[in-house]
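Some labels used for protein structures rest on simple cut-offs. The turns below ask how such labels are earned.

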Amino acid sequence: DHHVHHAWIRQVKRVMHWLLTIFFACTIGFEIPIKDLFTGKVVKTAAAYFVAILGKVLTGVWASPLSKVNFFTVGFSMSAWGEFAFVVASAAQAQHLIDQDTFSSCVLAVLTSVIFGPTLLKLTLSFRPEAQ
């Protein structure tokens, strides 16, 4: 029955969203080095990494049609993709490819990107003509 299928999908989607949130918090969230996150060296290095992350905003040049709002919509959409960077940084640290300060810097830069990207995207979308 179509109604049963639709209800099943809707309910599973709710549970899946909850489970993915818990999974992310348990696998990545507990690895965030709170004690090391705001030392001078870590903040300086994170700022340099964040400048590189801001380079993702430049992908807005491929927006079609190219306008200021479309540029920032595409750019901030791309800058918010940071979850995979947590996984890569964690794997690199586990294999001793990066030290604790570098890991903390990566985490701080990606957290900043994950927080500011969606916020700035929402602000940009409020300027779209369709939003008014």
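Q: What makes helix 2 and helix 5 oblique to each other?
A: In this predicted model, the axes of helix 2 and helix 5 cross at roughly 50° and come within 8 Å. Angles under 35 degrees count as roughly parallel, over 145 as roughly antiparallel and 65 to 115 as roughly perpendicular, with the rest oblique. The angle of roughly 50° falls in the rest, so helix 2 and helix 5 are oblique. Their crossing is right-handed.

Q: Which residues of helix 2 and helix 5 meet?
A: On the helix 2 side they include Lys41, Val42, Ala46, Tyr49 and Ile53. On the helix 5 side they include Asp101, Ser104, Leu108, Ala109 and Ser113.

Q: Why is the pair Lys41 and Asp101 called a salt bridge?
A: The rule asks for a side-chain nitrogen of Lys or Arg within 4 Å of a carboxyl oxygen of Asp or Glu. For Lys41 and Asp101 the N to O distance is 3.6 Å, so the pair meets the rule. The count by this rule comes to one salt bridge. Lys41 lies in helix 2 (residues 40-54) and Asp101 in helix 5 (residues 100-125), so the salt bridge ties together parts that are 60 residues apart in sequence. As a general point, side chains of opposite charge can pair when their charged atoms come close.

Q: Are the two partners, Lys41 and Asp101, exposed or partly exposed?
A: Exposed means over 50% relative accessible area, buried means under 20%, and partly exposed is in between. Lys41 has 52%, so it counts as exposed. Asp101 has 27%, so Asp101 counts as partly exposed.

Q: How do you know that Ser104 is buried?
A: Ser104 lies in helix 5. Its relative accessibility is 0%, and buried means under 20%, so Ser104 counts as buried. Leaving aside neighbours within four places in sequence, Ser104 is in contact with Pro33, Asp36, Leu37 and Val42.

Q: What makes up the largest nonpolar core?
A: The largest nonpolar core has 12 residues, among them Ile28, Leu37, Phe86, Phe103 and Val107. Helix 2, helix 4 (83-94) and helix 5 are the elements that give two or more residues to this core. Helix 5 gives the most, with five residues. In soluble globular proteins, nonpolar side chains tend to be buried together.

Q: What does Leu37 of this core contact?
A: Apart from neighbours within four places in sequence, the contacts of Leu37 include Ile32, Val43, Ser104, Val107 and Leu111. Ile32 sits in the loop between helix 1 (2-27) and helix 2. Not counting residues up to four places away, Ile32 touches Leu37, Val107 and Leu111. Ile32 and Phe103 are 71 residues apart in sequence, yet their C-alpha atoms are 9.0 Å apart in space.

Q: Why are helix 3 and helix 5 called roughly antiparallel?
A: Helix 3 and helix 5 pack at an angle of about 155°, with their axes 8 Å apart. Angles over 145 degrees count as roughly antiparallel, and helix 3 and helix 5 therefore earn that label. The crossing of helix 3 and helix 5 is left-handed. The contact is made by residues including Val69, Phe72 and Thr73 of helix 3 and Gly117, Leu121 and Leu125 of helix 5.

Q: How do you know that Thr73 is buried?
A: Thr73 has a relative accessible area of 13%, and buried means under 20%, so Thr73 counts as buried. Thr73, which is in helix 3, touches Leu121, Thr124, Leu125 and Arg128, not counting residues up to four places away in sequence.

Q: What makes Pro129 exposed?
A: Its relative accessible area is 63%, and exposed means over 50%, so Pro129 counts as exposed. Pro129 lies in the segment after helix 5. The C-alpha atoms of Pro129 and Val69 are separated by 9.4 Å, although the two residues are 60 residues apart along the chain.

Q: Why is His96 called exposed?
A: His96 has 72% relative accessibility, and exposed means over 50%, so the label applies. His96 is found in the loop between helix 4 and helix 5. His96 has a positive phi of about 60° although it is not a glycine.

Q: Where is Pro65, and what is the peptide bond from Ser64 to Pro65?
A: Pro65 is in the loop between helix 2 and helix 3 (68-79). The peptide bond from Ser64 to Pro65 is cis, with omega near -10°.

Terms used:
Residues are numbered from 1 along each chain as its sequence is written. This is a predicted model: local features need pLDDT of at least 70, side-chain atom pairs count only at pLDDT 80 or more; totals for chains, interfaces and linings use all residues. Side-chain values use heavy atoms; hydrogens and water are left out. Helices (H or I, at least four residues) and strands (E, at least two) are DSSP runs, numbered from the N terminus. Buried means under 20% relative accessible area, exposed over 50%, partly exposed in between (1.4 Å probe, protein chains only). A nonpolar core is a set of buried Ala, Val, Leu, Ile, Met, Phe, Trp, Tyr and Cys residues joined through side-chain atoms within 4.5 Å. Contact means heavy atoms within 4.5 Å. Axes are lines fitted to C-alpha atoms, for helices over the stretch in contact, and angles run from 0 to 180 degrees between N-to-C directions. A crossing is left-handed if the near helix is turned anticlockwise from the far one by less than a right angle, and right-handed if clockwise.
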